[in-house]
Amino acid sequence: MTNNGQTREQLLAEVEQLNRRGAELQARVSELEHTEQALRTSEEHVRLFVEHTPAAVAMLDRDMRYIMASRRWLTDYGLGDQNIIGRSHYEIFTDIPDKWKAVHQRSLDGSIEGQEEDPWERADGGMDWLSWKTYPWHDSSGAVGGIIFYTEVVTKRVLDKQQLLDMIREISSPVIPVHDDVLVLPLVGTIDSARSSRIMETLLTGVQEHAAEVVIIDITGVPIVDTAVANHLIQATRAATLLGAHCVLVGISAEVAQTLVQLGVNLSTLVTRSNLQAGITYALARQGRAITTQAPQSNGKSSLAAGLISHS
């Protein structure tokens, strides 16, 4: 017996129980250490993945402080080799517009946001275009722990696309000088309000650059001429008249003429001719010129000079 009345067997049982409990705690500690190491390894893998991914990626906490960022992020936004981890996004980018701050807040509230081509006017006056998405990330409790940025600077793509569109617009509505002071504006395809504005701009620019006296507008390639299109053409010719040019509308098909009559469109203010050849003949006649044929040559062979223009 012991002093407190416990038998030796009871003490041994308690010691055994304590040993088992100690072993269980040791196993739990080892398990936690293993888990912690795995988490550190996983975090390191994620960090390396984010750092070396070819996309501009950044992970921030709820206070918009950087947790991770890719090298592409540093490059695309001109951050060099500076360490941004732990710093506020708004401290680094002081020129962020309020609309993006509102996006960040919505993402912190759980929303996924994004846009393909978003203009960003920098503090130095420069303009960039971004394609971006923001995602909320969640901690172990399921609460939003912050947001992740996926962005791409697409300024070159936007500018290239704009240049291509400008080229297509120029090709679709070219102004062609066919003779001194005579221009031809051939129109092809559908004419809507946006295109009619470009047509008017092209027409007026051409009149000014070439000091044109006559402009022939050829609508042979326009499939539909309704009230709106007719009004656009009338407005364009009136604007050209203010610059001193006389406009001739050619290429009205029988179907288009019938449609305009049914719609009650009044083209009486416009000079019209059936086709481009008739329009050029009219334009030259206004200038006292005409297209003539060359007389037969002395060897008996005749030669037509369809493009020979002489004064009347």
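Which residue of β5 does Lys133 stand opposite? The residue is Tyr150. This pair is a good place to enter the structure, which is a predicted model.

Strands of a sheet pair through backbone hydrogen bonds, either parallel or antiparallel. Lys133 also has a partner on another strand: Gly114 stands opposite Lys133 in β4. The strand β4 covers residues 127–138. With β5, β4 shares 9 bridges, and the two strands run antiparallel. With β3, β4 shares 7 bridges, again in the antiparallel sense. One more pair of facing residues can be found here, since Asp118 stands opposite Leu130 in β4.

The chain passes from β4 to β5 through a hairpin, with 5 residues between the two strands. In that turn, Gly142 has a positive phi of about 95°.

These strands belong to an open sheet of 5 strands, in the order β2-β1-β5-β4-β3, with antiparallel pairing. Its edge strands are β2 (66–69) and β3 (113–121), each of which pairs on one side only. From one strand to the next, the twist averages 25°. Helix α4, residues 98–108, packs on this sheet and touches β1 (56–61), β3, β4 and β5 (144–153). The direction of α4 makes about 155° with that of β3.

The next feature is a cavity. How many cavities of 30 Å³ or more does a search of the whole structure find? The search finds 1. The volume of the largest cavity is about 200 Å³. Its lining is made of 15 residues, and those nearest the centre are His89, Trp100, His104, Leu130 and Thr151. Leu130 has already appeared, as the residue in β4 opposite Asp118. The elements α4, β4 and β5 each supply at least two residues of the lining. The one that gives the most is β4, with 4 residues. Sorted by class, the lining has 10 nonpolar, 4 polar and 1 charged residues.

Further along the chain there is another sheet to follow. This open sheet has 5 strands in the order β6-β7-β8-β9-β10, and its pairing is mixed. Because β6 (176–179) and β10 (271–273) stand at the edges with a single partner strand each, one side of each is left without a neighbour in the sheet. Neighbouring strands here are turned by 30° against each other on average, direction ignored.

At one end of the order, β9 (residues 246–250) and β10 run parallel and are joined by 3 bridges. Within this pairing, Val248 has Val271 in β10 as its bridge partner.

Two helices can be placed against this sheet. Helix α6, residues 193–210, packs on the sheet and touches β6, β7 (182–188) and β8 (214–221). The direction of α6 makes about 165° with that of β7. Helix α9, residues 276–286, lies across β6, β7, β8, β9 and β10. Relative to β8, α9 runs at about 175°.

Conventions:
Residues are numbered from 1 along each chain as its sequence is written. This is a predicted model: local features need pLDDT of at least 70, side-chain atom pairs count only at pLDDT 80 or more; totals for chains, interfaces and linings use all residues. Side-chain values use heavy atoms; hydrogens and water are left out. Two strands pair if DSSP finds at least two bridges between them. Axes are lines fitted to C-alpha atoms, for helices over the stretch in contact, and angles run from 0 to 180 degrees between N-to-C directions. Contact means heavy atoms within 4.5 Å. On a 1 Å grid over the protein atoms alone, a cavity is a set of points where a 1.4 Å probe fits but cannot get out, and a pocket is an open set with protein on both sides within 12 Å along at least five of seven lines; lining residues have an atom within 4 Å of a point. Grid points are joined across faces, edges and corners, and a volume is the space filled by probe spheres set on the points. Ala, Val, Leu, Ile, Met, Phe, Trp, Tyr, Cys and Pro count as nonpolar, Asp, Glu, Lys and Arg as charged, and the others, Gly among them, as polar.
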